[in-house]
Amino acid sequence: MTSDGMFGPITLRDEPIDGVLFLIERLTGKTVLRPQALPTAAITLTQRESVTKAEAIQAIETLLNLNGIAITPLGTRFLKVTPLNLAKSEAPEFIEGSTLGLVPSGRIASKVFQLTFLRINEFMPQINGLLNPAAGAQPMLFDKSNAALITDSVSNLQRVEALVAKLDQPVLGGMQPKFYQLRSGAKASEVVNKIRTLFSGPLQNQIGSATSYSPDDRTNQIILVSDPRQHAFFDELIAKLDVRSDPNTRNEVINLKHAAAKDVATILSQLVSGQNNAAKSSGQEALRPVVAGAPTPGTGPAMPTATPGPVVASPAIAAASLGLNLDSSNQFSSLLTILPEERSNSIVVSGTMDDVRLINELVAKIDVLLAQVRIEVVIAEVTLGDNTTSGISALGLQITEGKLVGFNGSVAGGTIANATLTADTHDLSAAINLVTTPRKSNATILSQPNIITTHNKEGHIFVGEQRPIVSNYVNNGTVGGTTSTAGGFSSNVTYKDIGIDLKVKPLIGTDGSVQLEITQEVNDILGNVSIGGNDQPRIGRRSTESFVSANSGDIIVLGGLQRTSKSKSTSRLGPIPIIGDLLGSRSREDTRTDLVFFLRPTVLTNTPADNATALKQVEAFPKNQRNQVKSALGIEPKK
């Protein structure tokens, strides 16, 4: 030690622990208390310049810490020396104030860190890598107090305290709110939508993710939370947007070519109302569209041609299905009005230019010509023999998945088996006649109707008659006092369809395929029954429902609507045995019949080729009638 209180130079060469501890006793003037077993280490230190006593103690304590030995103050006269991994359990020095004013060293100490804004269970795992793993157990967490007790070297405690001072700040540190009262007629939600559109994409990164701006339509204010340095930018931007302007509205009449005006107005009503509800749920201004003459979703009747769907649907999903994009810059305004004009089959639109543009785009997607299909039908009644179970087997038809693919038949001197259907005629009855011979003795064609319908629109065929049926029978006679009025009887009569009822609803695919939903019903008279003195018919009912997929031109065959009728005949002497047989015969007969439906759907192409079938039938007329029909159609008769 020099005369001015400085120490040095200090030179230690592989000094054992005992020699280093003796040096600590000389420097501190305190007695060192140590266990018998300490980590074996050889300490080396070369200090060429003189240093203060505190600096010398700092250097030696740090060297011991690096070699796994901790020095802990014990009162004013002693120092406790322990292995570093036991220092925590040996009650090291507890620092209550800040460690930042202490001299950094390897001396082991403990300190409680209590956080204000950060959560201790989230903060500690992130700084565990900064602590000395040889100092003992992990930090002790106190969740309820949001604090942690850390035992480590003074230098490490100082690092932790500096991090806490830097990071334990409020999330909105440096952010300030500002309120913009709009006074020139602009709506707060509309201005915010414009700002959001302006900052969509990469520009959002320029203002920072913490910056937020929200409308308050109740007070017509915009609430901005941002760094104060951004306030001047938003002041200028909102001032430019908060200006009075008359809406640029226009009226337009959109004539429809194919769809019904009322149906189109209903679809547009659902779409605009869906956008309105989506805006409400997101906190934006309600759009309040006015769609006159069309039912409000959920209150009006369902559209006759549209399948039921969710009334309040996402506008983005509804518009995406039509190929449109309704983002914040493509929204309907509150000035939009839609009026269906049924007399001219058009819709009248009043709104901004964007409103009219969006409605025109929607109408162009909706007002399209639906695909059409011609369905040729042949209804044949087949008498079944004892060896046949259905009309299809009786006619020798080969059916695959409900479609006619081949036949078995007969010709003079032989039979035809497993033949392939190759009919190329436009007449379905002629095609069937070629390959299945339905007009032979056990088959009769009852009807050959044709229907034309559009996609998802039901077609209906009825072949039969209406029969009167007494539904109510009342005695009108009255008796009162000493007089009476001769009564009569009155009947209420209703009419019942008796015959063949066929309903077909097609779904036409873009590839020419057709899915048919077919409902067949056959009602016929089985006999009479007396009810209240009135003969009433007994009606037999047979019905089926089918769903068949076919290609355009395939022949679909449906059977199975069978009926069994019984007949009996006797001589005029009836049941008298022997004599009755001599004077006349008696017979009983059970007859089974089956109705077979042949359907051939043909998807129309909206070209002259669609008329080929009808023109071919006209050519089969007698010459005079053929020429009259062609003249009425404006077709030049062939010479």
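This report describes a predicted model of one protein chain, moving from the chain as a whole to particular residues.

## The chain as a whole

The protein chain contains 15 helices and 30 strands. It has 639 residues, of which 36% are buried. Its accessible surface comes to about 36,900 Å², and carbon and sulfur atoms account for 52% of that area. Among the contacts in the chain with a separation of 6 or more, 67% are between residues 24 or more positions apart.

## Nonpolar cores

In soluble globular proteins, nonpolar side chains tend to be buried together. The largest nonpolar core in this model has 24 residues, and the members that touch the most other members are I17, I43, I60 and L64. Two or more residues of this core come from each of the strands β1 (10-16), β3 (42-47), β4 (69-74) and β5 (78-83), and from each of the helices α1 (17-28) and α2 (53-66). Helix α1 gives the largest share, with six residues. Leaving aside residues up to four places away in sequence, I17 is in contact with L38, P39, A41, I43, L64 and I69. Another core, of 23 residues, lies apart from this one and includes I375, L516, I518 and V548.

## The aromatic cluster and its pairs

The count of aromatic pairs comes to four. In one of them, the ring centres of Y213 and F234 are 6.0 Å apart and the planes meet at 45°, so the pair is tilted. This pair links distant parts of the chain, since Y213 belongs to strand β11 (residues 212-216) and F234 to helix α7, with their positions 21 residues apart in sequence. A second pair joins F233 to F234, and here the arrangement is edge-to-face, with 5.4 Å from centre to centre and 80° between the planes. F199, Y213, F233 and F234 form one aromatic cluster.

How do the burial values of Y213, F234 and F233 fall relative to the cut-offs? Buried means under 20% relative accessible area, so Y213 at 9% counts as buried, and F234 at 1% is likewise buried. F233, by contrast, has a relative accessible area of 43% and is therefore partly exposed.

Elsewhere in the chain, a charged side chain is placed against a ring: K111 lies over the face of F113, at 5.5 Å from the ring centre.

## Residues in loops, and the start of a helix

Q230 sits in the loop between β12 (221-226) and α7 (231-241). Its side chain makes a polar contact of 2.9 Å with the side chain of T211. When residues up to four places away in sequence are not counted, Q230 touches Q206, I207 and T211.

Two asparagines have a positive phi although neither is a glycine: N146, where phi is near 55°, and N220, where it is about 55°. The place of N146 is the loop between β8 (140-142) and β9 (147-153), while N220 is found in the loop between β11 and β12.

A261 is found in helix α8 (residues 261-281). Although A261 and P340 are 79 residues apart in sequence, their C-alpha atoms are 5.4 Å apart in space. Again not counting residues up to four places away in sequence, A261 touches L256, P340, E341, N345, S346 and I347.

The table below gathers the burial of these four residues.

| Residue | Relative accessible area | Class |
|---|---|---|
| Q230 | 19% | buried |
| N146 | 6% | buried |
| N220 | 18% | buried |
| A261 | 2% | buried |

Why does Q230 count as buried? The class requires a relative accessible area under 20%, and Q230 is buried because its value is 19%. The same reasoning applies to N220, which is buried because its value is 18%.

## Drawing the parts together

Several of the features described here belong to the stretch of chain around β11, β12 and α7. Y213 in strand β11 pairs with F234 in helix α7, N220 is in the loop between β11 and β12, and Q230 is in the loop between β12 and α7. From that second loop, the side chain of Q230 reaches the side chain of T211 through a polar contact.

Terms used. Residues numbered from 1 in each chain as written. Predicted model: local features only at pLDDT ≥ 70, side-chain atom pairs only at ≥ 80, totals over all residues. Heavy atoms only, no water. Helix = DSSP H or I, 4+ residues; strand = E, 2+ residues; numbered from the N terminus. Buried < 20%, exposed > 50% of the residue type's maximum accessible area, 1.4 Å probe, protein only. Polar contact = N/O pair within 3.5 Å; in protein donor to acceptor, adjacent residues only side chain to side chain. Contact = heavy atoms within 4.5 Å. Areas by Shrake-Rupley, 256 points an atom, 1.4 Å probe, with all protein chains shown as cover. Core = buried A, V, L, I, M, F, W, Y, C linked by side-chain atoms within 4.5 Å. Phe/Tyr/Trp six-rings, centres within 6.5 Å; stacked < 30°, edge-to-face > 60°. Lys NZ or Arg CZ within 6 Å of the ring centre and 35° of its normal.
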